[in-house]
Amino acid sequence: MPYPHTGPTGLGQIAQQATQVLYQHRLVSTRQLHQLITPHHTRAEYLRRQLHTLRETGLAETVGRRVSGQTELLWWLTEKGANAVESVGLLPQRPYRMSPEAALGPLQEHTLATVETGLAFVDWARRLGHECGPLDWSPETAHYYRDDSRPGEDLNLVPDAVLNYVHTDTAARQRTLLTFFIEVDRTQMTIARLAQKLHAYAAYYAYTPQQPVGRGAKAGRRTTTTPAWRYRYPAFPRLLLVLTGASDSRLARRIADLRSLAASDPALTNTGLRAGVTTLGLLQHRGPFEPIFTPILGPAENADAWLRPVSLAA
């Protein structure tokens, strides 16, 4: 029985890793690929040669970044490249396919900002001796739920990313798997819409599915006592909102406005949801385990990614 390869056959190891990253994250810049895959190399020339091999073989294509002309190349997998990754069977299959139109479309910067957020976690995991790699977050994974405020509707919550991170406490000899819902806000949506996203997370936290019972016309439904999220996660993921795309002062005002709106939503004031907000700059420069997160609910005492107040952190 042949063993599965790590990527499309006939490629070098770096090129194979690049196909996996591109398949998972859809659109990634050369710089981001360099930091994710070959951070031990001072320069990116070898990676660039591998990427150009992918393009020459029809597995990948490039577009220029909209905000900076053609000075920065963005990479994505063609249909042929995506099929090659799927044929190996090592990554969960994703239904989307990137196209030149989508790669150049209005969501380009949002996609790159989400990759940049995941990259910050990967970078700090390397520095701190924790574990988080280029494939440890999945973008846009749907979570189905119902909301009492919208009876009869089947809804779905789609985080920008679900990120897994293994925190290692060497002194205590303890390893903890942390799962985060990541929402990236580039100040393109209204603050009211951002608050509505928080409401959706609270509704998903509270949602308990109903199970059909009995047979025939009189069959009813029984509410279980197990929340839907327990079928996917051992603990409800912490929600981290990462803001970027504006000045520090504007982002600070946005955080204050978000906290104010959240405080007026009964679904949020009574939830067990843990949610914090920070900026991409702080995440990159100080890391997720410094007190850079402002809790969205409750007292505004800064916390780290555990979302425990600094005074309670061990």
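Here is a short walk through the enclosed spaces of this predicted model and one of its helix pairs. Residues are numbered from 1 along each chain as its sequence is written. Local features need pLDDT of at least 70 and side-chain atom pairs count only at pLDDT 80 or more, while totals for chains, interfaces and linings use all residues, and side-chain values use heavy atoms, without hydrogens or water.

Let us start inside. The whole structure holds two cavities of 30 Å³ or more; a cavity is a set of points on a 1 Å grid over the protein atoms alone where a 1.4 Å probe fits but cannot get out. The largest has a volume of about 70 Å³, the space filled by probe spheres set on its points. Its lining residues (an atom within 4 Å of a point) are L22, Y23, R26, L77, A82, Y96, R97 and M98. Six of them are nonpolar, none polar and two charged, where Ala, Val, Leu, Ile, Met, Phe, Trp, Tyr, Cys and Pro count as nonpolar, Asp, Glu, Lys and Arg as charged, and the others as polar.

The second largest cavity, of about 30 Å³, is lined by R26, H110, T114, E140 and D160. This lining has no nonpolar, two polar and three charged residues.

Now turn to helices α2 (residues 30–37) and α6 (residues 108–128), which pack at about 25° with their axes 10 Å apart. Helices are DSSP runs of H or I, at least four residues long, numbered from the N terminus, and axes are lines fitted to C-alpha atoms over the stretch in contact, with angles from 0 to 180 degrees between N-to-C directions. The angle makes α2 roughly parallel to α6, a term for angles under 35 degrees.

How values were computed: 1 Å grid on protein atoms, 1.4 Å probe; cavity = no way out; pocket = protein on both sides within 12 Å on 5 of 7 lines; lining within 4 Å. Helix = DSSP H or I, 4+ residues; strand = E, 2+ residues; numbered from the N terminus. Parallel < 35°, antiparallel > 145°, perpendicular 65-115°, else oblique.
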